[in-house]
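Dear colleague,

Here is the structure I said I would pass on. My notes follow below it.

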Amino acid sequence: MGSASSSPGRPAAAEEPEPEVAPLRSTVREGVKIVIVGGFGVGKTTMVRSVSEIRPLSTEEVMTEAGVGIDDVAGVRGKNTTTVAFDFGRISLDEHLVLYLFGAPGQERFWFLWDRLFAGTLGAVVLLDTRRVEDSWYAIDRLEHHNMPFVVARNNFGQPTHTLEEVRDALSLDPGVPLVDCDARRRESSRDVLITLVQHVYALSSAAYGAMAGAAS
Amino acid sequence: MSREAIDRETPDRLYTITGGRSRAHTDVFDLVTLVVAESEPTPGMQSEHTRILRMCRAPRAVVEISAALRLPISVTRILLCDLLDAGRITVRQPTRSAGAQESLGLPFAHPDVLKEVLVGLRQL
């Protein structure tokens, strides 16, 4: 339907297939992003997959000791470079707006890339690994450092060994930060985590913009 | 997608693809900036440019282009800058979210954008 009707004059054959991912609607105007942060194996990609309209894709950024990017790659040819890979998926929210979900590793080197990759992110989900709470401490600390609003979700598909209140205490989590259980394998559950996040950011944003409007009048 | 395809890339090959350019005015290309081709590829064009023009007949985000090319974000941004400078692509700029947010110095997206996101998520 879409591509054939929108480009009637184009030759249909003799082209390499490009690419296998379904295109966005032609009316889409704006992309927004949400980042899911968590350690290896905690379920980031599972969560992305459960709500994404496309099979999760992955890409990466290049980093050297000196900094980030091809400029540095070109400058230090032959020296060690390292890469940070991340997964992403996509949700077309309406005819104009598309949401990209990124699953990002929480390790130290990732945070050097935050400003370059994730400035302007709506908010973040910290996917909690109850076996490695210290990983989440670090992610929470970094998100606060970047002034990035976030919620914490415990990916929990068994009998929980701790109550959420105990988890909140263990994380020293601010009472204002939502903490929820989820099952990242389930679409509705992952969607509800995203709704919790956006509601949380909406409350913060409304207050901030309201205060600004009040100060201006 | 296999990670190995990118991981085996050497800095030398990336250097070749970008013509050794060290930096570009790449700030326009956020991960989710939507890119649209404004012309068809022409013979003799660098193959990465050709592929970008083909895949952007419909709007496509920078991060999707990077994934399809199996090239790092920073390399993809340089290739996109070439095409933007040549007038072969345009970008659909966010009207309300990131730009407005930064100019006001607030760490939050505008409530109108967030409300629209909420409506969309509730329909999933």
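How many of the 13 residues of H5(B) are buried? This is a predicted model, and in it the count for H5(B) is 10 of 13, which leaves the helix mostly covered. The buried set runs from Ile73(B) through Ser74(B), Val75(B), Thr76(B), Arg77(B), Ile78(B), Leu79(B), Leu80(B) and Cys81(B), and also takes in Leu83(B).

The length of H5(B), residues 73-85, was checked as well. With 1.5 Å allowed for each residue, its 13 residues should span 18 Å, and the C-alpha atoms at its ends are 18 Å apart, so the two values agree. After H5(B) comes Gly87(B), which has a positive phi, near 75 degrees.

Now chain A. Its secondary structure comes to 8 helices and 7 strands. Chain A has 217 residues, of which 42% count as buried. Among its contacts with a separation of 6 or more, 71% are between residues 24 or more positions apart.

One helix of chain A was looked at in detail. H2(A) covers residues 44-51 and is mostly covered, with 7 of its 8 residues buried. These are Lys44(A), Thr45(A), Met47(A), Val48(A), Arg49(A), Ser50(A) and Val51(A).

What do the buried residues of H2(A) pack against? Four strands of chain A are on the list, namely E1 (30-38), E3 (82-92), E4 (97-105) and E5 (123-128), together with helix H8 (187-216).

Regards

Note on methods: Residues numbered from 1 in each chain as written. Chains lettered and ligands numbered in written order. Predicted model: local features only at pLDDT ≥ 70, side-chain atom pairs only at ≥ 80, totals over all residues. Buried ≥ 20, exposed ≤ 12 C-beta atoms within 10 Å, placed from the backbone. Helix = DSSP H or I, 4+ residues; strand = E, 2+ residues; numbered from the N terminus. Contact = placed C-beta atoms within 7 Å. Expected span 1.5 Å × (residues − 1).
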